Amino acid sequence: MGTRFVNEPVFFTFHKIREQGEQGDAGAWRAFLGFYSPALLRLLEIHAAMRPEEASAVLKRMLVELTANGLARFRATSRQSEREFLADIRALLLDIAADSPAPKDSPAGPNGGFEADKIGKLMEDLPLLHKEMLFFKLGGYSDVTLERILRMSPRVAATAFDRLAQEYSLALHRERDVCPWPAQWLAFLKLARSLTTPNCIPAHQSVRIHDGQVSWYEKEPVENHVSGCLHCLEAWTGLREVAYWRHAADPLSSSEIELLLEIVPIEKPRAKTKSFLERLRH
Ligand SMILES: [Zn+2]
């Protein structure tokens, strides 16, 4: 991990990236790309079943949108916490992926697709944790990764997974984290994100619950809402997912980061730090 972020002389925190990124600081953007693009690429490889080159093309389109018109979309992202910020970027990224030419769905995919009613019915009367697990499974997650994300064995939801056996059996027993029906799944996620209600849960509340910072009487009404709302379940699982991949995704090389940085429309003074090769000699 020592060379995870080789070309950045300054120690960047999320808040610094968010603040100085808005001012068009090249160091902050290098840090943004180094910290976050590995996770974003991973999300595309999973939900959109994209190969690395395809994922990279979508990430570049996302960077163009994020930074157009004087970084307008970037300025609109959350400043609260890294996870809320990443959840926001994730939504933008997956929306772009949904509108991009994606790999074909498996022909053995669900006949009727992923209509909201149908998925609601699939999860009916399950506890929230089991719903989360089903949601991740439909997105193509293997049990191994699911256990790492939720820090709990997916075996607890074994009876819930039986509901996948008929129409969604491809989601069962996956060895790699890749969605078997990326086109329909991305369209469904996009639909879920659009289904907001006046009672929907702000992301910071979900983050506090995930971190165990709220008492049960604060938690219960929130969890009840999330349990019955596809919009919030999508956001809730999305927050867990970005928290995990932020640290679990393989880092990019400094040359890959420099190539992505070329897309960001800011001035790029040459980094004053030693080059990667110079550093290796020490
Ligand atoms: Zn909601």
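Select Leu40 first and display its surroundings: leaving aside residues up to four places away in sequence, Leu40 touches Leu59, Ile89 and Leu93, where a contact means that the C-beta atoms of two residues, placed from the backbone, lie within 7 Å. The model is predicted, so local features need pLDDT of at least 70 and side-chain atom pairs count only at pLDDT 80 or more, whereas totals for chains, interfaces and linings use all residues. Residues are numbered from 1 along each chain as its sequence is written.

Now widen the selection to the largest nonpolar core, which has 72 residues and in which Leu40, Leu44 and Ala97 touch the most other members. Such a core is a set of buried Ala, Val, Leu, Ile, Met, Phe, Trp, Tyr and Cys residues joined through C-beta atoms within 7 Å; buried means that 20 or more other C-beta atoms lie within 10 Å of the residue's own, exposed means 12 or fewer, and partly exposed lies in between, again with C-beta atoms placed from the backbone. The largest share of this core, 13 residues, comes from helix α2, residues 26-47.

Stay on α2, where 21 of the 22 residues are buried. Its end C-alpha atoms are 30 Å apart, which agrees with the 32 Å that its 22 residues should span at 1.5 Å a residue, the expected span being 1.5 Å times one less than the number of residues. Centre the view on Tyr36, where α2 bends by about 45 degrees, with a proline, Pro38, following within four residues; the bend is the angle between axes fitted to the seven residues ending at a position and the seven starting there. Just after α2, Ala49 takes a positive phi of about 50 degrees.

Two further backbone angles deserve a stop in helix α3, residues 52-75, where Asn69 is placed. Most residues other than glycine have a negative phi. Asn69, however, has a positive phi near 50 degrees, and Asn69 counts as exposed, with 9 C-beta neighbours inside 10 Å. Leu71, also placed in helix α3, has a positive phi of about 60 degrees although it is not a glycine, and with 19 C-beta neighbours inside 10 Å Leu71 counts as partly exposed.

Next, select helix α10, residues 203-210, and colour Ala203, Ser206 and Val207, which are buried. These residues lie on the same side of α10, because they cover an arc of only 100 degrees around the axis, the arc being that of the directions from the helix axis to the C-beta atoms. The buried residues of α10 pack against α4 (82-98) and α12 (230-248). Just after α10, Gly212 takes a positive phi of about 70 degrees.

Move to Gly120 in helix α5, residues 116-122, which is partly exposed, with 14 other C-beta atoms within 10 Å. Add Cys229 to the selection: Gly120 and Cys229 are 109 residues apart in sequence and 8.5 Å apart in space, C-alpha to C-alpha. In the loop between α5 and α6 (128-138), pick Asp125, which is exposed, with 8 other C-beta atoms within 10 Å. The C-alpha atoms of Asp125 and Gly228 are separated by 9.4 Å, although their positions lie 103 residues apart along the chain as a sequence distance.

Finally, show the whole protein chain, which has 14 helices and zero strands, the helices being DSSP runs of H or I with at least four residues and the strands runs of E with at least two, numbered from the N terminus. Of its 282 residues, 39% are buried. Among contacts with a separation of 6 or more, 77% join residues 24 or more positions apart.
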